[in-house]
Amino acid sequence: MLPKIYKSREAIDTSKLRAFAEINLTNFKHNIEVIKNMLDDNCEIVGVVKANAYGHGAVEVASYFESIGIKHFAVACISEGIELRNGDIKGEIIVLGYTPICQKDDLIKYDLTQALVNSQYAKELSELAGVVKCHVALNTGMNRIGENREHMQEIESIYKMKNLSITGIFSHLCRADSEEEEDILFTKKQIENFDYIIDKLKKDEFDLGEIHLQNSYGITTYREIHRDLARPGIILYGVPCDPCDDILCKLPKEEQFKPTMSLRCKVAMVKNVDAGENIGYGNNFTTPKPMKIATITIGYADGFSRAVSKKDFKVLVNGQYGRIIGNVCMDQTMIDVSNIDNVKEGDIVTLFGQDGENYLPVNQLSKLSGTITNETLSCIGSRVERVYHL
């Protein structure tokens, strides 16, 4: 079911919102078109919507994707797959991670496609009644899940097992986001390992179903790969993985992705504070001079990392820059608004996104938190309301 969709960002009613993530569906459509242009015409996109669609709202995002023609989805666990089915998603849903054997009936009931993490897991799954759809996972060098090329006998045995309907086969590239020569060679070795297994299975006349290898950076960087499906993750959401140095930023203008989320909250209180006053927990910040301080309605329980405390994190209020002072609290944070005019209770504060002529990238939050953008987005908390606009 499609979410309520506002016609524009300006049309959003923010009166009852505390902390909220604005999701730009038009930018999603743009990103999908860019991805399609990077792939063969007969290669279909698997919308990776695990981890609540990287914090964007899994059912809502998948519903929108389905409305514009996406037929395949990927999740991390069975509960995420069931959530999509209960949200009326009709397309193929691939569970990329481990599902306990005892939940085979649920895989069948909700028509989910299960990744086979190795041959022993496949055997145990096959011994229970009922036919379940599966994709065979291959280990081409990441050593996370799947059998490797030295285990061809084990891989071929999977295709001979009862109660498994094998509809696909896949692996995952783990260094495709790097331009280092060592990593490029490693990725090419992964591709070689994958092709070796696929060619051997085809030679032995196994029906492989849909073949897929490319993730986000496999799509953008290794376009010589030609397969049935591709699994874009972070590029669907329009931002680079690495906040410091990322090859996505070097793509030509016509292939640039657009961010799909902005994170905002409200000003709860504004007060004037004398010099020498403590701000927040732990005597972390003492005012060096009289300052105007605003308390804002977001904290680390909302996914706004406490790690950005004491790191000159910038925010936007009324299109002007403020900065965080003191430690980020669980539910609230204090900012310096001494140089911002007319700040008042209820004003919207932007943590990342556009405000007026100024823009704050999500990369700031990722970089100062010491992590990647994937984690930053997927950790945006459940009490941050998602609102969707064109």
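Partly exposed, as used here, sits between two cut-offs: buried means under 20% relative accessible area, and exposed means over 50%. Keep that handy, and remember that this is a predicted model.

**Exercise 1. Work out whether R18 and D302 are buried, partly exposed or exposed, and say what their pairing does for the chain.**

Step 1. Start with R18: its relative accessible area is 30%, so R18 is partly exposed.

Step 2. Now take D302, which has 0% relative accessibility and therefore counts as buried.

Step 3. Look at how the two meet. Their side chains form a salt bridge, at 2.8 Å from N to O. D302 belongs to the loop between β14 (291-296) and β15 (314-317), while R18 belongs to the loop between β1 (5-6) and β2 (20-24), so the pair ties together parts that are 284 residues apart in sequence.

Step 4. Widen the view: R18 and D302 are linked with D331 and R383 in a network of salt bridges. Across the model, the salt bridge count is 22.

**Exercise 2. Find where E192 and K189 lie, and how far apart their closest N and O atoms are.**

Step 1. Both residues are in helix α8 (residues 181-203).

Step 2. Three residues separate them, which is about one turn of the helix.

Step 3. Their closest N and O atoms are 3.1 Å apart, and the two form a salt bridge.

Step 4. Check the surface: E192 is partly exposed at 41% relative accessibility, and K189 is partly exposed at 39%.

**Exercise 3. Sort D88 and K90 into partly exposed or exposed.**

Step 1. These side chains meet in a salt bridge too, at 2.7 Å from N to O.

Step 2. D88 has a relative accessible area of 42%, so D88 is partly exposed.

Step 3. K90 reaches 61%, and the cut-off for exposed is over 50%, so K90 counts as exposed.

**Exercise 4. Decide how compact the chain is for its length.**

Step 1. Count the elements: the chain has 11 helices and 20 strands.

Step 2. Its radius of gyration is 24 Å, close to the 21 Å from the globule rule for 390 residues, so the chain is as compact as a globular protein of that length.

Step 3. Add the box: the C-alpha atoms fill roughly 80 × 45 × 40 Å along the principal axes.

Step 4. Finish with burial: 55% of the 390 residues count as buried.

Definitions and conventions: Residues are numbered from 1 along each chain as its sequence is written. This is a predicted model: local features need pLDDT of at least 70, side-chain atom pairs count only at pLDDT 80 or more; totals for chains, interfaces and linings use all residues. Side-chain values use heavy atoms; hydrogens and water are left out. Helices (H or I, at least four residues) and strands (E, at least two) are DSSP runs, numbered from the N terminus. The radius of gyration is taken over C-alpha atoms; the globule rule is 2.2 Å times the number of residues to the power 0.38. Buried means under 20% relative accessible area, exposed over 50%, partly exposed in between (1.4 Å probe, protein chains only). A salt bridge is a side-chain nitrogen of Lys or Arg within 4 Å of a carboxyl oxygen of Asp or Glu.
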